[in-house]
Each structure stands twice: as structure tokens, then as C-alpha cells.
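Hi,

Here is the structure I said I'd pass along. Have a look, and my notes are underneath.

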Amino acid sequence: AAAASAAIASPAPAPKVVFQINVAEDAPTILRFVTNYLIAEPSARVAVVSYGPGIDFMLKDAKDPKGVPYEPQLAMLKAKGVEFKVCNNTLKARNVTVEIVSKEATVVPGAVNEILRLQTREGYAYFQH
């Protein structure tokens, strides 16, 4: 009986999810999905990985279609544990440096490799809009 009650008492591991953004126009929707997901799963570990035009919302001074800066929303989600990751291959392809990336995001060598690493090495579920 003691073993059974110990099993019941141990919490399930926190879910881990990676969201991909590779289209700039998807950023507001994905950020809304992430926000809503964290309401349902507050202990979840979430990574948002972007490449191509999908990195635009993670750049300094980026604004949504209504002209609202993204950075406060990124900061709020980062404070809840969300990791924002920008593809360095995209930066190289644009001939720009990491200095244009928001302080709320980190640069990873390659977005595709990062998504696959999170899935295969760290057990993240994958969500693509």
C-alpha cells in the first residue's frame, strides 16, 4: 500500500513543447498559442524556435501588425520560462549579426538542428502551425 500511495503522490513530469515559426505572419498566433498553453500547463517547458522570415518578431524593435512592440510580450513569456531561439543560419543568410536580435532571445547555430535536438535528445513534443 505504501508503494501505491508513493506512486500516486509523485507528480507527472512537466510537459515540454517546441513551437516552430518560419513565417513572420504566424508570430502573433503562435505567441497566443504559447500563452494559452501555459495557462493550461503552467509547469510546461516551452521553446519557440524560429528561422527564415519567422525570426522577424524576435528582432530588436519588432512590432506586431497593429504596431505594438513584441519585446514586452517576449519578456512576459520568458519570465514564465519560455525560451526564444533564433537561427544563426538565417542571420548569416541576411548578412546581419546577432546584435539585431532582441535581448529576450538567444541565437542557436541552426533552427532545424535545434528543433530536432529538442525532440530527440530532450523529449520535446513538436508543434507547427
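**Sheet, helix and cavity**

Starting inside the sheet: strands E2 (residues 45–50) and E3 (residues 83–87) run parallel and are joined by four bridges. One pair you can find quickly is Ala47, whose bridge partner in E3 is Glu83. Keep in mind as you click around that this is a predicted model.

Zooming out, E2 and E3 belong to an open sheet of five strands, ordered E4-E3-E2-E1-E5, with parallel pairing. Strand E4 (105–108) and strand E5 (125–128) are at the edges; each has a single partner strand, so one side of each has no neighbour in the sheet. From one strand to the next, the twist averages 25°.

Then there's helix H2 (residues 27–40), which packs on the sheet and touches E1 (16–21), E2, E3 and E5. The direction of H2 makes about 170° with that of E1.

Now the bit you may want for your own work: what about cavities? The count comes to one cavity of 30 Å³ or more, and the volume of the largest cavity is about 30 Å³. Which residues line the largest cavity? They are Gln20, Ile21, Asn22, Asp26, Ile30, Gln128 and His129. By type, that lining divides into four polar residues, two nonpolar and one charged. The nonpolar ones are Ile21 and Ile30, while Asp26 is the charged one.

Shout if anything looks odd when you load it.

Cheers

Notes. Residues are numbered from 1 along each chain as its sequence is written. This is a predicted model: local features need pLDDT of at least 70, side-chain atom pairs count only at pLDDT 80 or more; totals for chains, interfaces and linings use all residues. Side-chain values use heavy atoms; hydrogens and water are left out. Two strands pair if DSSP finds at least two bridges between them. Helices (H or I, at least four residues) and strands (E, at least two) are DSSP runs, numbered from the N terminus. Axes are lines fitted to C-alpha atoms, for helices over the stretch in contact, and angles run from 0 to 180 degrees between N-to-C directions. Contact means heavy atoms within 4.5 Å. On a 1 Å grid over the protein atoms alone, a cavity is a set of points where a 1.4 Å probe fits but cannot get out, and a pocket is an open set with protein on both sides within 12 Å along at least five of seven lines; lining residues have an atom within 4 Å of a point. Grid points are joined across faces, edges and corners, and a volume is the space filled by probe spheres set on the points.
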